[in-house]
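Trainee: Could you take me slowly through one part of this model, its nonpolar core, and then show me what lies elsewhere along the chain? I would like to have each term explained when it comes up.

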Amino acid sequence: TCYADYRDLQQTIDNLFEWSRINKMHFHPDKCEVISISTFRYKYPTDFNWDQMPFFIPFYTLNGTYLEIVDCQRDLGVLVSSNLTWKHHVEYIIKQFITRFNLLRRSYYYLRNINQKRTLYLTLV
């Protein structure tokens with residue numbers, strides 16, 4: 001069941017935290033996030049009483065601190081979204097490209113030496 005899965009995962013998180021404490025490798029709870037990867041999507045509204053809801057939505061904790069629930073998480077330089085689409089990653093790459101391209105365009109105008117232009121281009125692209 002959903003609750004049993006939640007309980008098992010929370011127990012695993014607690015075991016991992018205990019292991020890290022014993023081995024002096026502490027987790028920073030504010031840097032930990034929860035992402036639910038599924039084709040079925042439900043949102044986590046925050047403006048009403050959860051106790052009145054007929055279903056269970058899990059909130060995980062690490063050392064008593066609630067972990068933030070996110071729709072997109074960066075893992076090894078790739079943005080992974082909860083529905084496994086590339087939309088967020090492609091938007092991030094395009095934003096990076098535009099930033100670097102504008103820097104290149106502004107700096108390129110003032111360079112006269114062709115070797116400097118080539119070095120600048122190869123550094124940024």
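Mentor: What follows begins with the overall layout, goes on to the core and its residues, and then turns to the helices.

This is a predicted model, so local features need a pLDDT of at least 70 and side-chain atom pairs count only at pLDDT 80 or more, while totals for chains, interfaces and linings use all residues. Residues are numbered from 1 along each chain as its sequence is written, and side-chain values use heavy atoms, with hydrogens and water left out.

The protein chain has three helices and six strands, where helices (H or I, at least four residues) and strands (E, at least two) are DSSP runs numbered from the N terminus. Followed along the sequence, they give the pattern α-β-β-β-β-β-β-α-α. Of the 125 residues in the protein chain, 18% are buried; here buried means under 20% relative accessible area, exposed means over 50%, and partly exposed is in between, with a 1.4 Å probe and protein chains only.

Now to the core itself. The largest nonpolar core has seven residues, namely Tyr6, Ile13, Phe17, Val34, Tyr60, Leu62 and Leu67; such a core is a set of buried Ala, Val, Leu, Ile, Met, Phe, Trp, Tyr and Cys residues joined through side-chain atoms within 4.5 Å. Helix H1 (residues 2-22) gives the largest share of this core, three residues.

Two members of the core also form an aromatic pair, and the whole structure holds two such pairs. Rings of Phe, Tyr and Trp (its six-membered ring) pair if their centres lie within 6.5 Å, with planes under 30 degrees apart counted as stacked, over 60 as edge-to-face and the rest as tilted. The ring centres of Tyr6 and Tyr60 are 5.2 Å apart and their planes stand at 40 degrees, so this pair is tilted. The pair links distant parts of the chain, since Tyr6 is in helix H1 and Tyr60 is in the loop between strand E1 (33-35) and strand E2 (61-62), 54 residues apart. Tyr6 is buried at 17% relative accessible area, and Tyr60 is buried as well, at 11%.

Val34, another residue of the core, touches Tyr60, Leu67, Glu68, Ile69 and Val70 once its neighbours within four places in sequence are left aside, a contact being heavy atoms within 4.5 Å. Thr61 is in strand E2, and at 19% relative accessibility Thr61 counts as buried. With neighbours within four places again set aside, the contacts of Thr61 are Gln10, Ile13, Asp14, Tyr66 and Leu67, and among these Ile13 and Leu67 belong to the core.

Helix H1 holds a further feature, a salt bridge between Arg21 and Glu18, whose closest N and O atoms are 2.4 Å apart; the term means a side-chain nitrogen of Lys or Arg within 4 Å of a carboxyl oxygen of Asp or Glu. Side chains of opposite charge can pair when their charged atoms come close. Arg21 and Glu18 are three residues apart in helix H1, about one turn, and both count as partly exposed, Arg21 at 42% and Glu18 at 33%.

The other aromatic pair is in helix H2 (residues 87-108). The rings of Phe97 and Phe101 have centres 5.8 Å apart and planes at 25 degrees, so they are stacked, and the two residues, four apart in helix H2, are separated by about one helical turn. Phe97 is exposed at 52%, whereas Phe101 is partly exposed at 41%.

Finally, the axes of H2 and helix H3 (residues 114-124) come within 10 Å and cross at roughly 170 degrees. Axes are lines fitted to C-alpha atoms, for helices over the stretch in contact, with angles from 0 to 180 degrees between N-to-C directions. Angles under 35 degrees count as roughly parallel, over 145 as roughly antiparallel, 65 to 115 as roughly perpendicular and the rest as oblique, and H2 and H3 are therefore roughly antiparallel. Arg100, Leu103, Leu104, Ser107 and Tyr108 of H2 meet Lys117, Leu120, Tyr121 and Leu124 of H3 in this contact.
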